[in-house]
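Subject: The structure we talked about

Dear colleague,

Here is the structure I promised to hand over, with my notes on it below. Please keep it open while you read, so that you can look up each residue as it comes.

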Amino acid sequence: MYISTVIFIILYLLDIVAGYLIAQIAGAIFVAFALPISIFIQMKIALYHADVTKLENLSPYDRDKLAIAFESVFQRGESLGYNFHRNPKIYLSEDGALNGFNAGNAIVINRGLMNSGCLEGVCAHEVKHWRFNDSYTSCLICNTITVISLLTMFVLSIYAFMIALIIGVIIAIFGGGTTGFFVGSLVGQFLSKIKDIILRFNVFVMKALQSLLSRFTELKADEFATRLGYGEQLKQFLKLTYQSRKMESISSRLLSTHPSDSKRIGNIQKIQNQLQQRGELTNLPFII
């Protein structure tokens, strides 16, 4: 079973357990139904914001170009032993950036890729994300981070308030109401800052873990496309889009959902060398 699927199942069950601990059976049932609905809505919102057009509604030129690119990817994949039991919904976005993305059962290709010379390579990369449901897992992780952050904030706020209140009452008993109020306020402010630090650290750690998974799946998507014969196109794509990523801040790079370009290119080259040295690797289905 692929790692994204395993993580999705584990997180989904943990979220249901959390719902049960909070509100018993009603909470578990709510989470079990709310999460899939939430993910579905988020996928639709992503498509809406991308201003996409379905493959069948495109002009004949765009429709044929995209259809041929994806058909080439699927034919190569099937010839190497990959099974595609269903077809993704293919969309074209008018965004001029050299990019594409997977949103659930949909794959979106930007207008900028159409004549870039690396269209099939990016299509193959996104087909891997679609085939192994990477976007569903990524979305579930985001939802889980949000829920855990809200719960953490709620719990820590209650504890901070209770501790400040108890200390304020004790000081008020022995030192007067004004002193107790003043000390309680100071303790509350201090604990509030501690709470914010804990919450930010908690969010950072969870996002870092999400980033690690995403980087792993990105490398595996590159591997999938390379095994299908699109390694050179992917390397060209990375070189064409390098400048835009070069301008990112250090913190953005640390939490980036994509590995560095040099690591991706090195990984692609390594796989290409393996394929050249051992031709039998091309007959192994993509598993991990």
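Aspartate 51 counts as exposed, because its relative accessibility is 54% and the cut-off for that word is over 50%. Please bear in mind, here and in everything below, that this is a predicted model. Aspartate 51 sits in the loop between α1 (3–49) and β1, and its phi is positive, at about 55°, although it is not a glycine. A second residue to look at in this respect is asparagine 133, which is likewise not a glycine and has a positive phi near 60°. You will find asparagine 133 in the loop between α3 (119–131) and α4, and with a relative accessible area of 25% it is partly exposed.

Next come the strands. Strand β1 (residues 52–54) is joined to β2 by three bridges, and the two run antiparallel; within this pairing, threonine 53 has leucine 92 of β2 as its bridge partner. On the pairing of β2 with strand β4 (residues 106–110), there are five bridges, and the sense is parallel. Leucine 92 appears here again, since it stands opposite isoleucine 109 in β4. Is strand β2 itself enclosed or open? Four of the five residues of β2 (residues 89–93) are buried, so the strand is largely enclosed by the rest of the structure.

The aromatic residues deserve some patience. A pair of aromatic rings is described by two quantities, namely the distance of the centres and the angle of the planes. The structure holds five aromatic pairs, and one of them is formed by phenylalanine 74 and phenylalanine 84, whose ring centres are 4.9 Å apart. Their planes stand at 75°, and because an angle over 60 degrees counts as edge-to-face, that is how this pair is classed. The pair links distant parts of the chain, as phenylalanine 74 belongs to helix α2 (residues 60–79) while phenylalanine 84 lies in the loop between α2 and β2, ten residues apart. Since buried means under 20% relative accessible area, phenylalanine 74 is buried at 8%, and phenylalanine 84 also counts as buried at 13%. Together with Trp130, Phe74 and Phe84 form one aromatic cluster.

Now to two of the helices. How do α4 and α5 lie with respect to each other, parallel or antiparallel? Helix α4 (residues 134–175) and helix α5 (residues 177–227) pack at an angle of about 165°, and their axes are 8 Å apart. Angles over 145 degrees count as roughly antiparallel, and α4 and α5 are therefore roughly antiparallel to each other. The crossing in which α4 passes α5 is right-handed. Sorted by class, the residues in the contact of α4 with α5 are 20 nonpolar, 15 polar and three charged.

Finally, there is a cysteine in helix α4, namely cysteine 139. Its relative accessible area is 9%, so cysteine 139 is buried. If you would like to try a distance yourself, take the C-alpha atoms of cysteine 139 and leucine 240, which are 101 residues apart along the chain and separated by 28 Å.

With best wishes

Conventions. Residues numbered from 1 in each chain as written. Predicted model: local features only at pLDDT ≥ 70, side-chain atom pairs only at ≥ 80, totals over all residues. Heavy atoms only, no water. Axes fitted to C-alpha atoms, helices over the stretch in contact; angles between N-to-C directions. Parallel < 35°, antiparallel > 145°, perpendicular 65-115°, else oblique. Left-handed = near helix turned anticlockwise from the far one by under 90°. Nonpolar A, V, L, I, M, F, W, Y, C, P; charged D, E, K, R; others polar. Buried < 20%, exposed > 50% of the residue type's maximum accessible area, 1.4 Å probe, protein only. Pairing = 2+ DSSP bridges. Phe/Tyr/Trp six-rings, centres within 6.5 Å; stacked < 30°, edge-to-face > 60°.
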